[in-house]
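Hi everyone, thanks for making the time this morning. I'd like to walk you through one model, so have a look at it first and then we'll go through it together.

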Amino acid sequence: MGTIYFIILVLVQVLILNNIHFFRVAIPFLYLYFILKLPVGTSRSLVVFLSFLTGLVIDIFSNTPGMHAAACTLTGFLREGIIELFMGKDLVEGVFPSYRTFRFGGFVKYIFTCVVLHHTALFMIESLTFFDPLFLTLRIVSSVILTTLLICTIEAFNIESQKSGE
């Protein structure tokens, strides 16, 4: 199932979302959802590898040499610590992060923190300068809001589809 999510999210990102630039500032990065939904307890090395691979595939199709790979690798590396920060160490291994398992507030904090980390790294690497810090901050904040809303919306539909399947 994870492979299908990966393929769908990468295709949606590359074919649709990379072409959306709200007000030439905000860009949604839905592919990050794949990394964030990896099961709790997945080894850090596997999460980092899958994060790097995800970023690399996006880089290849987006012609962005290493920017997404670096940002995704950093996010994947820090993901476990962020989960422990908001959820504690008592989570059952193998559980998927969701509204149900992390509760609504915990899940939104987890998503928001990871998205802020990813986008800050990505846009800092992309700009390689603080020449226009206001524009850089505007891009980060607007893209974080857009991506977080998109991920939370997709997650809400996942929860509803799981409820109807029970």
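Let me begin with a definition, as we'll need it right away: a residue is called exposed when its relative accessible area is over 50%, buried when that value is under 20%, and partly exposed in between. And please keep in mind that this is a predicted model.

So, is Arg24 buried or exposed? Its relative accessibility is 75%, and therefore Arg24 counts as exposed. You'll find Arg24 in the loop between α1 and α2. Its backbone may catch your eye as well: Arg24 is not a glycine, yet its phi is positive, at about 60 degrees. Phe23 sits in the loop between α1 and α2 too. Here again we have a residue that is not a glycine with a positive phi, this one of about 55 degrees. Phe23 is exposed, with 78% relative accessible area.

Let's move on to helix α3, residues 44–62. How far apart are its end C-alpha atoms? They are 26 Å apart, which agrees with the 27 Å that its 19 residues should span at 1.5 Å a residue. On the buried side of the account, α3 has Val47, Val48, Ser51, Thr54, Gly55, Val57, Ile58 and Asp59. The buried residues of this helix pack against α1, α2 and α4. A general reminder helps when you look at that list: an α-helix has 3.6 residues a turn, so residues three or four places apart point the same way.

Then there is a nonpolar surface patch, of about 660 Å². Its members are Leu46, Phe49, Phe52, Leu53, Leu56, Ile60 and Phe61. Let's pick one of them, Phe52, which lies in α3. With a relative accessibility of 37%, Phe52 counts as partly exposed. After the end of α3 comes Asn63, which has a positive phi, near 60 degrees.

Now for the inside. As a general point, in soluble globular proteins nonpolar side chains tend to be buried together. In this model the largest nonpolar core holds 39 residues, and the ones that touch the most other members are Leu36, Tyr110, Ile111, Val115 and Ile151. Which elements give two or more residues to this core? They are α1, α2, α3, α4, α5 and α6. The most comes from α5, which gives 10 residues. For a closer look, take Ile151: setting aside residues up to four places away in sequence, Ile151 touches Leu30, Tyr33, Leu36, Ile111 and Val115.

A couple of polar residues are buried too. Ser143, in helix α6, has 0% relative accessibility and so counts as buried. Beyond residues up to four places away in sequence, Ser143 touches Val25, Ala26, Ile27, His119 and Phe123. Thr75 belongs to helix α4 and is buried, with a relative accessible area of 0%. With the same sequence neighbours left out, Thr75 touches Leu32, Cys114, Leu117 and His118.

On to charges. Side chains of opposite charge can pair when their charged atoms come close. How many salt bridges are there? The count comes to 2. One joins the side chains of Glu155 and Lys37, at 3.1 Å from N to O. This pair links distant parts of the chain, with Glu155 in helix α6 and Lys37 in the loop between α2 and α3, 118 residues apart. Glu155 is buried at 1% relative accessible area, and Lys37 is buried at 17%.

The other salt bridge joins Arg139 and Glu126, at 2.5 Å from N to O. Arg139 is in helix α6 and Glu126 in helix α5, so the pair ties together parts that are 13 residues apart in sequence. Arg139 is buried, with 15% relative accessible area, whereas Glu126, at 35%, counts as partly exposed.

One last stop, back by Lys37. Its C-alpha atom is separated by 9.5 Å from that of Val95, although the two are 58 residues apart along the chain. Val95 is in the loop between α4 and α5. Leaving aside neighbours within four places in sequence, Val95 is in contact with Pro39, Val40 and Thr101.

That's my tour, and I'm happy to go back to any part of it.

How values were computed: Residues are numbered from 1 along each chain as its sequence is written. This is a predicted model: local features need pLDDT of at least 70, side-chain atom pairs count only at pLDDT 80 or more; totals for chains, interfaces and linings use all residues. Side-chain values use heavy atoms; hydrogens and water are left out. Helices (H or I, at least four residues) and strands (E, at least two) are DSSP runs, numbered from the N terminus. Contact means heavy atoms within 4.5 Å. Patches are made of residues with over 30% relative accessible area and no salt bridge: like charges are joined within 9 Å, nonpolar side chains (Val, Leu, Ile, Met, Phe, Trp, Tyr) within 5 Å. Accessible areas come from the Shrake-Rupley method with a 1.4 Å probe; for residues, only the protein chains shown count as cover. A salt bridge is a side-chain nitrogen of Lys or Arg within 4 Å of a carboxyl oxygen of Asp or Glu. Buried means under 20% relative accessible area, exposed over 50%, partly exposed in between (1.4 Å probe, protein chains only). The expected span of a helix is 1.5 Å times one less than its number of residues. A nonpolar core is a set of buried Ala, Val, Leu, Ile, Met, Phe, Trp, Tyr and Cys residues joined through side-chain atoms within 4.5 Å.
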